[in-house]
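Please look through the sequence and the model below before reading on. The report that follows takes up a metal site, a sheet, two single residues and some aromatic rings in turn.

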Amino acid sequence: MNLSIICPEGDDVARRVLHDYGAMFVGSDDILPPPACVFASEDQVSEFQNAAGGTSEKIGDAVIELQPAAMKALVEARAAAQAEGLDITPRDGAEAARRSYSDTVRLWNSRFLPALDHWTKVGRLPSEEANRLRALPINQQVSSVLELEEQGIFFSRDLSKSVLYSIAAPGTSQHIAMLAFDANEFPDARVREIMAEHGWFQTVLSDLPHFTFLGLKESELPQRGLKPVEVNNQKFWIPDV
Ligand SMILES: [Zn+2]
C-alpha cells in the first residue's frame with residue numbers, strides 16, 4: 001500500500017490522520033483498509049462499509065458492528081478473556097465499534113462549536129472569524145482548527161490540547177473503517193495482552209480504551225512500518241513517519 005497516495009504529503013489534515021490513525025492502513029490482507037485518509041461524505045462511507053462487509057454481534061445490550069475478520073478475532077479474544085475470569089465489553093454501547101460519517105460530524109461539532117464560543121468569549125478569536133469558521137466546509141474547518149491550535153487555541157473538550165487527541169476529524173475515524181473497538185477493560189494488562197494475541201493493538205496515542213484490528217502478530221508489526229511507543233506503561237504501535 002502506498003501511503004503517500006492515500007494521504008498526500010501536501011495535505012496537512014491527511015498527513016495528521018496518517019500520523020495519528022495510520023496503523024489501520026497497514027493491517028493484514030484479511031481486512032479492507034479505507035481507500036482514502038479522509039472520507040468526504042456519508043455516501044463514500046456507506047460504499048466503503050458495504051464493500052468491507054460488516055458483521056454484527058450482541059455484547060451485553062450493545063450491537064457491535066465490525067469487519068468480519070475483526071469481529072471473529074474479537075469474539076475469540078472475549079472467549080479467551082472469559083476463560084480466565086475476565087471480560088471484554090464495549091465502552092459507550094454501539095459507538096464502541098462502527099460509526100457512520102454523521103457520527104463523526106456530530107462528535108466534531110461537540111468539540112468545535114463549544115470551543116469557538118469559548119475562545120470568542122475570552123477574546124482570543126474575533127466573532128467575525130468564529131462565524132467564518134462555522135460557515136466553512138467541514139474539511140476546511142479541520143485545517144483551520146489545526147492552524148489555530150499551533151497558536152495555543154485548542155479545541156479538545158478541556159481546551160488544553162489538540163482536538164484530534166479528543167476525537168477524530170470528521171470522516172477519518174478508525175471506527176468508520178470498522179476496525180476499531182473501545183473496550184471498558186483497557187486498564188487490565190492481561191486483557192491488553194489477550195487482545196494483542198488476537199491481532200488487536202493500541203495504535204492511537206492517548207486514546208487508551210481504543211484498540212485497532214490489524215490481524216497480525218506483534219512480531220510482524222515493525223516490518224509493516226509501525227514502531228512501539230510506551231505511554232503510561234501501555235504499548236502503542238504507531239506509524240513510523
Ligand atoms: Zn475508539
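## The zinc site and its surroundings

In this predicted model, the residues that donate to the zinc ion follow the spacing H-x6-D-x27-H along the sequence. Histidine 175 belongs to the loop between helix H7 (138-150) and strand S3 (180-182), while histidine 210 belongs to strand S5 (residues 210-213), so the two histidines tie together parts of the chain that are 35 residues apart in sequence. The atoms that face the metal are NE2 of His175, OD of Asp182 and ND1 of His210, and these protein donors lie 2.0 to 2.1 Å from the zinc ion.

How accessible are the two histidines? Histidine 175 has a relative accessibility of 2% and therefore counts as buried, and histidine 210, with a relative accessibility of 4%, counts as buried too, because buried means under 20% relative accessible area.

Strands S3 and S5 also meet in a sheet. This open sheet consists of three strands in the order S3-S5-S4, and their pairing is antiparallel. S3 and strand S4 (200-201) stand at the edges with a single partner strand each, so one side of each has no neighbour in the sheet. Between S3 and S5, which run antiparallel, there are three bridges, and phenylalanine 181 has phenylalanine 211 in S5 as its bridge partner.

## Two polar residues

Glutamine 49 sits in helix H3 (residues 42-52) and is buried, its relative accessible area being 9%. When neighbours within four places in sequence are left aside, glutamine 49 is in contact with Gly54, Arg98, Arg99, His175, Ile176 and Met178; one of these, His175, is also a donor of the zinc ion. The side chain of glutamine 49 further reaches the backbone oxygen of arginine 99, at 3.0 Å.

Lysine 235, which is placed in strand S7 (residues 234-239), has a relative accessible area of 34% and is partly exposed. Which side chain does the side chain of lysine 235 meet in a polar contact? The partner is the side chain of glutamate 218, at 3.2 Å. Not counting residues up to four places away in sequence, lysine 235 touches Gln202, Glu218, Pro228, Val229 and Glu230. By contrast with these contacts, the C-alpha atom of lysine 235 is separated by 26 Å from that of phenylalanine 154, a residue 81 places away along the chain.

## Aromatic rings

The structure holds five aromatic pairs, and two of them are set out in the table.

| Pair | Arrangement | Centre to centre | Angle between planes |
|---|---|---|---|
| Phenylalanine 112 and phenylalanine 155 | stacked | 6.1 Å | 20 degrees |
| Phenylalanine 181 and tryptophan 200 | edge-to-face | 6.4 Å | 70 degrees |

The stacked pair links distant parts of the chain, since phenylalanine 112 lies in helix H5 (residues 101-121) and phenylalanine 155 lies in the loop between H7 and S3, 43 residues apart. Both of these phenylalanines, 112 and 155, are buried, and together with Trp108 they form one aromatic cluster.

The edge-to-face pair brings the account back to the sheet. Phenylalanine 181 is part of strand S3 and tryptophan 200 is part of strand S4, so this pair ties together parts that are 19 residues apart in sequence. Phenylalanine 181 and tryptophan 200 are both buried.

Notes: Residues are numbered from 1 along each chain as its sequence is written. This is a predicted model: local features need pLDDT of at least 70, side-chain atom pairs count only at pLDDT 80 or more; totals for chains, interfaces and linings use all residues. Side-chain values use heavy atoms; hydrogens and water are left out. Donors are N, O and S atoms within 2.8 Å of the metal (3.2 Å for Na, K and Ca); water is not among the atoms, so sites may look incomplete. Helices (H or I, at least four residues) and strands (E, at least two) are DSSP runs, numbered from the N terminus. Buried means under 20% relative accessible area, exposed over 50%, partly exposed in between (1.4 Å probe, protein chains only). Two strands pair if DSSP finds at least two bridges between them. A polar contact is a pair of N or O atoms within 3.5 Å; within protein, one must be able to donate a hydrogen and the other to accept it, and residues adjacent in sequence count only if both atoms are side-chain atoms. Contact means heavy atoms within 4.5 Å. Rings of Phe, Tyr and Trp (its six-membered ring) pair if their centres lie within 6.5 Å; planes under 30 degrees apart count as stacked, over 60 as edge-to-face and the rest as tilted.
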